[in-house]
Structures are given as structure tokens and as C-alpha cells.
Amino acid sequence: TRKYWADWETVCTIGLRAARFCGDLDGQSVMLSALSTVHRDLHRFDDAVNHLRQSLELKRRLGDRFGEARMLSNLGDVYLGMRRYDDALDQSLRALRILREIGDTYTEGIALGNVSEAYLGQRRFGDALHSFQQVLELCRRIDHRYGEGLTLLHLGEAHLGLRRYAAAVDHLTRAARLCRDVGNAQGEGMAWKTLGEVHRATGGR
């Protein structure tokens, strides 16, 4: 609820002030990142970007490469919400390069997912397909079934964009089944909705 986010924003703001008073750079970065989450979920995207950029600069000052990659990935996610797909792709690719250097598979999958969604937003369906296939492999490698279900959904969307209708139906059907199995009702609903789009595109065949 909005009341919850208002309370959380107050807590984070107090924490940020305390961290600044103590000169705690890492604490400041944590609080700025938390504030960005509040603002992103409230659709205050410009505020979210501002806080993430401040947090990113602190991570760089601290020499925290993993933290830097996470802030870049989070920026990519916010830009996706703003439909600024070029910016989302740029930040997510920067994050991906760092994560591959340090070898963090889980967070690499998140950044690669953002890259893939940016390609979808740009209607670069072939690039999205290739990228999402890599995400699918990562999800299966670490047995992340929730992520696997969403990735199958996005692969279905990419196949639909390429007018590969049979492949779209296959991936979307599997996505709906897996999302249901892991309790992701929103993902299941999106899979069925996209299957409806395939149905309309093929004239009900």
C-alpha cells in the first residue's frame, strides 16, 4: 500500500542521514538503493534514477565491483519501466560485463534478462531470442524455476514478434504451466494473454 511505501521512505531517509553524518559510504549506498526501490515501485522513476546514480558513484569510490554491477543492473531495470530501452540496454550491458568478469551467475542472469527485455522493447526480436536463450540456460543451471517460467514467456513473445507461431505457442504453453507450478499467477496470466495474441495473429488456427 502507499502508506507502507511512505513509512519505508521515511525509514530510508533517516538511515541515509545517519550514514552521511557518520561518513559511512557503504551505508549511504545501501540507503540510496533502498530509496530507489521505493520510488521505482511508486513510479517516481526520475527519483529512482537519481538515487541509483548516487549509489553507483559511491560503489565506484569504494571499489565495490559487484555493488557497481548491481546498481547498473538496477538502473537498467528502472529504465525498462520508463520504456527508455536504449538506456536500459546500455546500463544492463555494462553490468553484464562486470558480472561475467567476477563470475556471479545469479546476478548475471538478472542483468542478461534486462538486456533481453530491452531488445524486446526495441523490437529486435532476433537479438532478444538469442539473449533469452542464454537466460534460460542460466536459470536451468541454477535450478531457478521461477525465472525459467518468465524466460519461457519472454521467449514466446520473441517468437511471436518473429511470426514463429508454433514456437511461440510451445514456449507460452510451457511458461503458463511452469508459472502455475511455482505460484506465479501474474506470469501465468501473461502467458495466456500472449497465447491469445498468437491466436488472433493466426486467425484462430
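**Helices 7, 8 and 9**

Colleague: Is the crossing in which helix 8 passes helix 9 left-handed or right-handed?
Modeller: This is a predicted model, where local features need pLDDT of at least 70, side-chain atom pairs count only at pLDDT 80 or more, and totals for chains, interfaces and linings use all residues. Residues are numbered from 1 along each chain as its sequence is written, and side-chain values use heavy atoms, without hydrogens and water. Helix 8 (helices are DSSP runs of H or I, at least four residues, numbered from the N terminus) passes helix 9 in a crossing (left-handed if the near helix is turned anticlockwise from the far one by less than a right angle, right-handed if clockwise) that is left-handed.

Colleague: How are helix 8 and helix 9 oriented to each other, roughly parallel or antiparallel?
Modeller: The axes (lines fitted to C-alpha atoms over the stretch in contact, with angles from 0 to 180 degrees between N-to-C directions) of helix 8 and helix 9, residues 165–181, come within 8 Å and cross at roughly 160 degrees. Angles over 145 degrees count as roughly antiparallel, under 35 as roughly parallel. Helix 8 is therefore, relative to helix 9, roughly antiparallel.

Colleague: Which residues of helix 9 make the contact with helix 8?
Modeller: Contact means heavy atoms within 4.5 Å. On the helix 8 side, Arg145, Glu148 and Gly149 are among them. On the helix 9 side, the residues include Tyr165, Ala167, Ala168, His171 and Leu172.

Colleague: Within what distance do the axes of helix 7 and helix 8 come?
Modeller: Helix 7 passes helix 8 in a left-handed crossing. Helix 7 covers residues 125–141 and helix 8 residues 145–161, and their axes cross at roughly 160 degrees. The two helices are therefore roughly antiparallel. Their axes come within 9 Å.

Definitions and conventions. Parallel < 35°, antiparallel > 145°, perpendicular 65-115°, else oblique.
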